[in-house]
Amino acid sequence: MSQAPIVRVMLCDDSATVRSALARVLEADPEIKVVARAGDGRQALETLAGMSVATRPQVVLLDLEMPVMDGMTALPLLLKLVPRPVVIVASALTQKGAAVTMAALRAGAADYIPKPGAAGGGLHDASFRAELVAKVKGWARMGRAVAAPRPSRPAQPSLVALLPRRGVKAIGIGCSTGGPQALATLVRGLNRKVPVPVVAVQHMPAGFTAMLADHLNRLGTLGCAEARDGEVLEAGRLYLAPGDRHLLVEAANGRLVARLNDGPPENFCRPAVDPMLRSLNAACEGAVLAVILTGMGHDGLAGCKAVAAAGGAVLAQDEASSVVWGMPGAVARAGLARAQLPPEGLAEQVLALVASRAGAFA
């Protein structure tokens, strides 16, 4: 059995303590090696310039707030390097930090990792450590795949031909690790009027989801905002679950209405995909199209089972394009996914389906 290639990482943070702690977290995994450290963006660029191409890091973990040269200034310069590293930005858990993070994603960063606060265990928090390692390894694999020749994607049967002849009253999307970029690609692909409401759950801290909604709102024809409790869901808009609140949907007077609550986490998550899909499935009497994108764990599996059992349809992101094929993989392995595609392919199928099968809630 061949050994997985070692992922080479650079840490760029103005705190030597943070750099050391991050190195310990990452190098606890035998497939990751920290090959360079820098205290600011300028030092990072100078260090990379002195390294051979063969030994340069594949992934740069970049702090955004640093003296001398901050992360936002360094980011475009890092992305001009050949070979181009994958850049994951580290962000403070603040509204300002969230806004800068979304700007970094628009500027070409692959992903972000929120720095955990001391109240949550800091860098010793188990969920933070697992997410950090998963993102570093997942994006390194994605970077290698981009550099290699891509095999042609086999033709997929039209989803419209595969579905029962019933309407689609709403679309439910779930994602986690690697989700912001996958969701952005999907939204860009929905470049025509979507005649039904779209509801989405992305595992994210409170404060970040409002900035993600604004980020998505800039990308295409699908207007996007955080969901508000009690608002009527309109066709052609995407409603994102706010961080730390579950988003449910109920039917009222022939319309779909958003409901937010602070119920207990499901699958260790709040917001969680499963309660959103269960409520959407009940409100739409099964006339739901569920889309599960990249993410750790199996959140969304139970909800997709309910959708499929009621006659709705489920799509999943394919393994090759997923940073972590946990959530979509669970759905695919359960035999629930009618198609497995990269986000741009999922967008094509969604548009083809809803163009002819929008239901009564459109």
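Two strands pair if DSSP finds at least two bridges between them. Helices (H or I, at least four residues) and strands (E, at least two) are DSSP runs, numbered from the N terminus. The model above is predicted, so local features need pLDDT of at least 70 and side-chain atom pairs pLDDT 80 or more, while totals for chains, interfaces and linings use all residues. Residues are numbered from 1 along each chain as its sequence is written, and side-chain values use heavy atoms, with hydrogens and water left out.

**Exercise 1: a sheet**

Work out which strands stand at the edges of the open sheet of seven strands.

*Solution.*
Step 1. Write down the strand order, which is S8-S9-S7-S6-S12-S13-S14, with parallel pairing.
Step 2. Look at the two ends: S8 and S14 (339–341) each have a single partner strand, so one side of each is left without a neighbour in the sheet.
Step 3. Check some pairs inside the sheet. S8 (residues 223–226) is joined to S9 by four bridges, and Cys224 stands opposite Leu238 in S9. S9 (residues 237–240) also pairs with S7 (residues 198–202), over three bridges; here Ala200 has Leu240 as its bridge partner. Further along, four bridges join S12 (residues 288–292) to S13 (residues 313–317), with Val291 partnered by Leu315.
Step 4. Add the helix H8 (residues 208–217), which lies across S7, S8 and S9 and runs at about 175° to S8. Axes here are lines fitted to C-alpha atoms, for helices over the stretch in contact, and angles run from 0 to 180 degrees between N-to-C directions.

**Exercise 2: a core**

Find which residues touch the most other members of the largest nonpolar core.

*Solution.*
Step 1. Recall the terms. A nonpolar core is a set of buried Ala, Val, Leu, Ile, Met, Phe, Trp, Tyr and Cys residues joined through side-chain atoms within 4.5 Å. Buried means under 20% relative accessible area, exposed over 50%, and partly exposed in between (1.4 Å probe, protein chains only).
Step 2. Among the 62 residues of this core, Ile171 and Val291 touch the most other members. Helix H12 (residues 343–357) gives the most to the core, with six residues.
Step 3. Look around Ile171. Leaving aside neighbours within four places in sequence, its contacts (heavy atoms within 4.5 Å) include Val194, Val291, Val350 and Val354.

**Exercise 3: a lysine**

Decide whether Lys135 is buried or exposed.

*Solution.*
Step 1. Locate Lys135 in helix H5 (residues 126–147).
Step 2. Read its relative accessibility, 3%, so Lys135 counts as buried.
Step 3. List what surrounds it: leaving aside neighbours within four places in sequence, Lys135 is in contact with Ile88, Asp111, Tyr112, Ile113, Thr177, Gly178 and Val323.

**Exercise 4: salt bridges**

Find the salt-bridge partner of Lys137 and describe the pair.

*Solution.*
Step 1. Apply the rule: a salt bridge is a side-chain nitrogen of Lys or Arg within 4 Å of a carboxyl oxygen of Asp or Glu. By this rule the count comes to 14.
Step 2. Lys137 pairs with Asp29, the closest N and O atoms being 3.1 Å apart. Lys137 is in helix H5 and Asp29 in the loop between H1 and S2, 108 residues apart.
Step 3. Compare burial: Lys137 is partly exposed at 25% relative accessibility, whereas Asp29 is buried at 16%.
Step 4. Try a second case. Asp63 and Lys115 meet in a salt bridge (3.1 Å, N to O), and Asp13, Asp63 and Lys115 are linked in a network of salt bridges.
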